[in-house]
Amino acid sequence: IELICAVQDTGIGIRRKDMEKLFSEYNQVDVKSNRTIEGTGLGLSITKNLVEMMSGSISVESEYGKGSVFTVRIPQGIVDDEPLGRETAASLKNFRFKNETRESKNLVRKPMPYARVLVVDDVVTNLAVAKGVMAPYGMIVDGVTSGKMAVEFLRKENVRYDAVFMDHMMPGMDGIEAVRIIRNEIGTDYARNVPIIALTANALVGNEQMFLGNGFQAFLPKPINILTLDNILNQWVRDPARETPSEEAALPSAAPELETADSLWGLKPAGINVEAALDRMNGVRESYLEILRAFVRHTPDQLDKLPLGTAEALGDYAITVHGLKGANYGIGADEAGREAAELEALAKAGRFEAVLEKTPSFIKTMKTLIAAVEATLPPLRSGGEAKPRRDKPDAAFLADLLEACKKYDIETMERLLSVLEESDYQSGGDLIAELREDLDKLEYDALRERLEKRDGAPQG
């Protein structure tokens, strides 16, 4: 066969008289127009030599002022005429970089129900986004809201995680410091070797190398691209030795039928690109709804931290608005995300007066956005039947919940509390509601203290 690769650009194009010099060494054409472009002029010459070494050819078509098309033709022998297979073909298709909507629709995910990962982010909405995009893999996804808590989870080893997704900018202990402690101070082989992936909305050139040089294995920018996530999970989490055919068959389709924004609600929340956000969820409606509910529930707490008193508070302000930036991009509120990004940059530059001036407008934008989302969210299903009424919450369940909390076993905590919520109570109902609020906010220490203070609870 003849393998043909074409690359099209929208540059200044090439004059006909310059065509013959194009592939010569040390001869950059149209020097005047390219005076601001750095380079040796060797790129096309090297390409031509490589192509000709493979018995191929390279050609160019160009219209000056509009751009060029470079075409490489290389003869290739066919090794095997056996079909690649549907799965391999679908995976290869994802390497086509096309500007089209829902390019991830055909992503073939490998189920990983045997895996368990920890996501660390101080913004609960961002944790919900991470859980949403990982849901189709069938993994258990735990979340914590601080670097300090992540260190404790890995130090105790009550649960061994296959990977940790660590946010960079967090109040108190940031991601870099948390990873330093995990790698150098915990002292176990598990802590030294568990894969840790940087998860951050600061996807700047050079950041990836900075993370890799500080104990991280990979870098995942926010908003999360599901193709990048899939590559990372396959490299650092997937374990073919733990896979069984029955597990794959039991999981829901990896590429569910995508829903349009109009089928979600009668109208879209103002300021949100629902289509783009659903794309990132691969069309999984329930995951996106949970993310929006988390946004409505937890964003007001973040906004309360924004008002500035002194210039010394700009560092904490930058961290808070950075988290809000990620949350906005996560739900598809790109305009609000850009506004947060501008405030973050101003805060990092120490421009106190500019931050003071622009913050009220941003808070207003956010409150309008929260109200728009809340107004269009469909109500939670009630289940239809009345709950059974009991005297008080089961003491054994509460004791088991406390033990799970001490072990940071989030899956068991969620399961036990869900069972307790299946009933109404003559007394103790407020406790269950408070425990739910603690768990939803990932305030595990507060949940533990509440359980230890209840009457009859074991102390310590």
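**Exercise 1. Find which residue in E7 stands opposite Met166, then work out how the sheet around that pair is laid out.**

Solution. Start with the pair: Met166 stands opposite Ala198 in E7. Keep in mind that we're working on a predicted model.

Next, zoom out to the two strands. Strand E6 (residues 163-167) and strand E7 (residues 196-200) run parallel, and four bridges join them.

Now the whole sheet: five strands, open, in the order E5-E4-E6-E7-E8, with parallel pairing. Strand E5 (140-144) and strand E8 (218-221) each have a single partner strand, so these two are the edges and one side of each has no neighbour in the sheet. On average, neighbouring strands are turned by 25° against each other, direction ignored.

Last step, look at what covers the strands. Helix H4 (residues 147-156) lies across strand E4 (116-120), E5 and E6, at about 155° to E4. Helix H17 (residues 410-420) lies across E4 and E5, at about 95° to E5.

**Exercise 2. Work out which residues have the most contacts inside the largest nonpolar core, and follow one of them outward.**

Solution. The largest nonpolar core has 75 residues, and the best-connected ones are Met139, Phe153, Leu154, Phe165, Met166 and Tyr444.

Pick Phe165. Leaving out residues up to four places away in sequence, Phe165 touches a long list, including Val117, Leu118, Val119 and Val120, plus Ile197, Leu199 and Leu220. Also on that list are Leu229, Ile232 and Leu233.

Don't stop there: a separate core of 40 residues lies apart from the 75-residue one, and Ala128, Phe352, Met366 and Leu369 are among its members.

**Exercise 3. Sort out the aromatic pairs: how many does a search of the whole structure find?**

Solution. The search turns up three.

Take Phe153 and Tyr444. Their ring centres are 6.1 Å apart and their planes meet at 40°; stacked needs under 30 degrees and edge-to-face over 60, so this pair is tilted. Phe153 belongs to helix H4 and Tyr444 to helix H19 (residues 444-453), so the pair ties together parts 291 residues apart in sequence. Are the two residues buried or exposed? The cut-off for buried is under 20% relative accessible area. Phe153 has 3%, so Phe153 is buried; Tyr444 has 2%, so Tyr444 is buried too.

Then check Phe211 and Phe219. With centres 5.5 Å apart and planes at 25°, the pair counts as stacked. Both Phe211 and Phe219 are buried. Ring pairs link Phe211, Phe216 and Phe219 into a cluster.

**Exercise 4. Lay out the sheet that holds E1, E2 and E3, and locate its hairpin.**

Solution. Strand order first: E1-E3-E2, an open sheet with antiparallel pairing. Strand E1 (2-8) and strand E2 (57-63) each have a single partner strand, so they stand at the edges with one side free of a neighbour in the sheet. From one strand to the next, the twist averages 15°.

Then follow E2 into strand E3 (residues 67-75): the two run antiparallel and share seven bridges. Two register points help: Ser57 has Arg73 as its bridge partner, and Glu61 has Val69.

Finally, the turn. E2 and E3 make a hairpin with three residues between them, and Gly65 in that turn has a positive phi of about 95°.

Methods: Residues numbered from 1 in each chain as written. Predicted model: local features only at pLDDT ≥ 70, side-chain atom pairs only at ≥ 80, totals over all residues. Heavy atoms only, no water. Pairing = 2+ DSSP bridges. Axes fitted to C-alpha atoms, helices over the stretch in contact; angles between N-to-C directions. Contact = heavy atoms within 4.5 Å. Core = buried A, V, L, I, M, F, W, Y, C linked by side-chain atoms within 4.5 Å. Buried < 20%, exposed > 50% of the residue type's maximum accessible area, 1.4 Å probe, protein only. Phe/Tyr/Trp six-rings, centres within 6.5 Å; stacked < 30°, edge-to-face > 60°.
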